[in-house]
Amino acid sequence: MPAVAINSTRLNDNLTALGQIGNTDEGMQRVAFSSFDVAGRDYVTELMRRAGMTVRIDAAGNIIGRVEGSGPSLPAIAMGSHTDTVPAGGQYDGALGVIAAIEVVQALADAGQTTRHPLEVMVFTNEEGTGFHRWLLGSRAVAGLWEAEDFSAVHDDGATLTSRLPDIGGNISHIAEARRRPDELACYLELHIEQGPTMHRGGYPIGIVTGITGRSVYHVDIVGEANHAGTTPMALRRDAMSAAAQIALKVRSIAGEMEICRVGTVGSMDVHPNAGNVIPGRVQMGVEFRDERMESLAAAEVELRRTAEEVGHAEQVGIAVTAQRNTPSVPISGNMQQLVADAAEVAGLAHITMPSGAGHDAQAIASITPAAMIFVPSVNGVSHAPAEYSTPEDCANGAQVLLNALLLADDR
């Protein structure tokens, strides 16, 4: 494999420049469809053109930069990620994968090297799902995985997705045209920060993702009886909050002490009437479990429902557990993991294999072409927060492994 090196200074300068777009005292506000998002998209589009790519925007608003290869009629090798952020987010989530992919193309151009396969850099629309609560919008459109709820999605501010897509060059009535056929793409490579503490604590410069974890989400509705907090004897209470607390602790235990699944979270709780001197009569909770193994998620659901029945009987409250979303796990093939391992070894970098606990565009694209993910450390495991940070050295290491993996894929 010919030696081609990324330009670390240029990579990190471009990453820093993108990180200034939408940066506020409260963190990154480059939320999808915002003016900051549009400005960030304009910035990366210009970088693509400087690197010699032709650029188009598909019906889902995805930005796609392309350079042709030397081989006859070969499918493209794709790289990419997203530039939108969560509200008050960080500068590296998604952005690193986009800037590094552009740097790979620029480095190849600087070296005068043309790959056999065409290369595409994809910047996906609204990976985070903010506002419309429909995540991976762009990558799912490319994979042909849109659902009825995507077409009818309404933003928290009341705007429809149909009305907002044109702001970034999309057109919902032509969304089917964004879909790519499996024979159009040879593979997909995505560089990303880990968003967790494993690599930083262990001192590993490169992570090889074995799979993207599945996610099961539930709505738990607990109905008791609101009553006076001072006059109702403890033995006669039908306290929805007491039941909710027991279920919340059980969710933690399912993933912790019992180790049924990898992680479990109670992320939201609405208490009614939410008054300090009234026994809560109703509590609604959001529960999620994540694991690479779908059988583990199924076992976690069984335990959640068993606990709800037990607690409901003991506390004399009604408890309904409703499954809201079940996102399948996405395994990364052994061949694609080996590709990244070989790329890391070419760079002389130690690596660790690990699952991704967060969702990524790669999980959608993996449904139409072989996909691989490369992780670099997040300092102290912080992500989706203003303190999110990956060192310039780690970012450069990840970009070099991405370039090496692309060249190996082009050869193989």
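**A walk from a helix to two pockets**

Helix H3, residues 95-110, makes a handy starting point: its 16 residues should span 22 Å at 1.5 Å a residue, and the end C-alpha atoms are indeed 22 Å apart, so expectation and model agree. Keep in mind as you look around that this is a predicted model. H3 is mostly covered, with 14 of its 16 residues buried. After the helix comes Gly112, which has a positive phi near 65 degrees.

Next, turn to strand E13, where you will find Asp291. Is this residue buried or exposed? Its relative accessibility is 2%, and buried means under 20%, so Asp291 counts as buried. Which backbone atoms lie by its side chain? A polar atom of the Asp291 side chain is 2.8 Å from the backbone nitrogen of Arg262. On the Arg293 side, the backbone nitrogen is 2.7 Å from a polar atom of the Asp291 side chain. Leaving aside residues up to four places away in sequence, Asp291 touches Thr213, Gly214, Cys261, Arg262, Ser296, Leu297 and Ser329.

Strand E13 (282-291) also takes us to the largest pocket, since it is one of the elements that each supply at least two residues of the lining. The others named with it are strands E9 (214-223), E11 (263-272), E14 (318-327) and E16 (351-356), together with helix H11 (361-365). How much space lies in this pocket? The answer is about 1400 Å³. Its lining is made of 47 residues, and the closest to the centre are Trp135, Arg215, Glu288, Arg290 and Gly359. If you are thinking about chemical character, the lining divides into 14 nonpolar, 21 polar and twelve charged residues.

The second largest pocket is our last stop, with a volume of about 200 Å³. Which elements each supply at least two residues of its lining? They are strand E7 (185-193) and helix H10 (334-346). H10 gives the most, contributing four residues. To pick the lining out in your viewer, select Ile77, His117, Ala186, Cys187, Asn335, Met336, Gln338, Leu339, Pro370, Ala409 and Arg412. By class, that lining holds seven nonpolar, three polar and one charged residues.

Technical notes: Residues numbered from 1 in each chain as written. Predicted model: local features only at pLDDT ≥ 70, side-chain atom pairs only at ≥ 80, totals over all residues. Heavy atoms only, no water. 1 Å grid on protein atoms, 1.4 Å probe; cavity = no way out; pocket = protein on both sides within 12 Å on 5 of 7 lines; lining within 4 Å. Points joined across faces, edges and corners; volume = space filled by probe spheres on them. Nonpolar A, V, L, I, M, F, W, Y, C, P; charged D, E, K, R; others polar. Expected span 1.5 Å × (residues − 1). Buried < 20%, exposed > 50% of the residue type's maximum accessible area, 1.4 Å probe, protein only. Polar contact = N/O pair within 3.5 Å; in protein donor to acceptor, adjacent residues only side chain to side chain. Contact = heavy atoms within 4.5 Å.
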